[in-house]
Amino acid sequence: MLSAVRRVASANPAAMMRPLTSLTMTSAFSTSSSAYAPHNVKNITVFGSGLMGAGIVQVAAQNAFNVTMVDLNPEALKKGQDIIASSLKRVAKKQFPEDAAQQKEFIDKTMGQIKTSTDSEAASKDADLIIEAIVENLKTKQQLFSMLDKVAPEHTLFCSNTSSLPIGEIAKATKRTDRFGGLHFFNPVPQMKLVEVIRTEETSQDSFDSLMDVCTRMKKTPVSCKDTPGFIVNRLLVPYMMESLRIVERGEATPQDVDVAMKLGAGFPMGPFELADFVGLDTMKFIVDGWRKEGKIDDNLVAPVKLLDDLVAQGNFGRKSGQGFYPYNGVGGKK
Ligand code: 3HC
């Protein structure tokens, strides 16, 4: 028994932090996913090759997982590969400054870990873990997981990278709610060290341990959170950004001054308007509108702000559209 505990603990440092009794009980008595050996994820399939999906694929590949990136068509996959290639160049330069040969070897090796596919069924056949990072639409996500539930192996863990939808609602589309959780990464994925690991009421201990272990093996720092609106980071960040907009709407300060204030007075790497443009104003509005409908968060925190609604209605989504609170040098360009 003790050696089993040691094995689990050394494979998963996060498990070390739990009291020995709960760990021992879990190892000895958990029967919720007996077909599944925890901490054994090798093959990861990621659905969605946008900024988040591509970032997750990159980080997994950099850390020796075999990764398959899936999207609807070759054009989308090509965009995802381009995102990865340019990000890998930055990472390679940082890791091997002034050694072009090693940079190239690192990039080629990482790219070699990545397969691409437009065939969802084939791409799921060998997956130990499926991470979904597609459009933020509950029905679309449910349809995808319902289909995957029928074709993926029994042991395969399912995860969503959603930032705004309840994990439990997405999981309901499957019969493997015990092997379903959330893995919420942050933009830019290769740079941000945090992953929120979301467990629903039904996520089994084995599944949760495996997700924590995957994050650690991706060299990320996982934190755990219940399936609540915004989890930890967005629950704090989005109301803060909305309150910044209200300061400007009331004419109390300019976006520029608020940004300077929060960077130099609070040590944030970006001010709230720079961050809102970075996250996407459409994404921010989508999150707030969703929370308002759900009614689980204080009305004052999620009250609409005309400034945001107008910019989104005009198609000014921030960095991704070339214009938000600030103008950008083309789509996705610099300020
Ligand atoms: N790939 C790899 N590395 C990257 C990268 C990428 N796509 N983007 C930035 N980096 C690295 C750079 O290589 C550089 O590394 P170094 O410091 O070791 O040399 C470092 O990040 C800093 O990059 P830059 O010098 O180009 O730019 P900045 O210093 O302005 O930093 C930033 C850019 C990392 C984005 C920083 O401003 C930051 O941390 N901003 C806050 C981002 C944030 O809060 N993200 C969370 C958003 S919320 C979210 O994602 C949740 C969602 O659900 C809405």
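The shell around the ligand draws on two domains: domain 1 (43-226) and domain 2 (235-313) each give at least three residues. The model is predicted.

**The ligand site**

In this predicted model, 19 residues surround the ligand. The closest are Ser-87, Arg-90, Lys-94, His-184 and Asn-187. By class, the shell holds 11 nonpolar, 6 polar and 2 charged residues.

Which residues place an N or O atom by the ligand? His-184, Asn-187 and Gln-191 are among them. His-184 uses an N or O atom of its side chain, and its partner is an oxygen atom of the ligand. Asn-187 uses a backbone N or O atom, and its partner is a nitrogen atom of the ligand. Gln-191 brings a polar side-chain atom to an oxygen atom of the ligand. The distances are listed here.

| Residue and atom | Ligand atom | Distance |
|---|---|---|
| His-184, side-chain N or O | oxygen | 2.8 Å |
| Asn-187, backbone N or O | nitrogen | 2.8 Å |
| Gln-191, polar side-chain atom | oxygen | 3.1 Å |

On its own, the ligand has 1000 Å² of accessible area, and the protein covers 66% of that. Three elements give two or more residues each to the shell: helix H5 (74-95), helix H11 (233-249) and helix H13 (272-279). H5 supplies the largest share, 4 residues.

**Helix H4**

Helix H4 covers residues 51-62. How far apart are its end C-alpha atoms? They are 16 Å apart. The 12 residues should span 16 Å at 1.5 Å a residue, so the two values agree.

Is H4 enclosed or open? It is largely enclosed by the rest of the structure, because 9 of its 12 residues are buried. The buried residues run from Gly-53, Ala-54 and Gly-55 through Ile-56, Val-57 and Gln-58 to Val-59, Ala-60 and Ala-61. Ala-64 follows the helix with a positive phi, near 75 degrees.

**Helix H10**

Helix H10 takes in residues 205-217, 13 in number. From first C-alpha to last, H10 reaches 18 Å. That is close to the 18 Å expected at 1.5 Å a residue.

How many residues of H10 are buried? The count is 11 of 13, and the helix is mostly covered. Among the buried residues are Asp-206, Asp-209 and Asp-213. Phe-208, Leu-211, Met-212, Val-214 and Cys-215 are also buried. Gln-205, Ser-207 and Ser-210 complete the list. Just after H10, Lys-219 takes a positive phi of about 60 degrees.

How values were computed: Residues are numbered from 1 along each chain as its sequence is written. This is a predicted model: local features need pLDDT of at least 70, side-chain atom pairs count only at pLDDT 80 or more; totals for chains, interfaces and linings use all residues. Side-chain values use heavy atoms; hydrogens and water are left out. A residue is near a molecule or strand if one of its heavy atoms lies within 4 Å of it. A polar contact is a pair of N or O atoms within 3.5 Å; within protein, one must be able to donate a hydrogen and the other to accept it, and residues adjacent in sequence count only if both atoms are side-chain atoms. Accessible areas come from the Shrake-Rupley method with a 1.4 Å probe; for residues, only the protein chains shown count as cover. Ala, Val, Leu, Ile, Met, Phe, Trp, Tyr, Cys and Pro count as nonpolar, Asp, Glu, Lys and Arg as charged, and the others, Gly among them, as polar. Domain bounds come from an automatic or database domain assignment. The expected span of a helix is 1.5 Å times one less than its number of residues. Buried means under 20% relative accessible area, exposed over 50%, partly exposed in between (1.4 Å probe, protein chains only).
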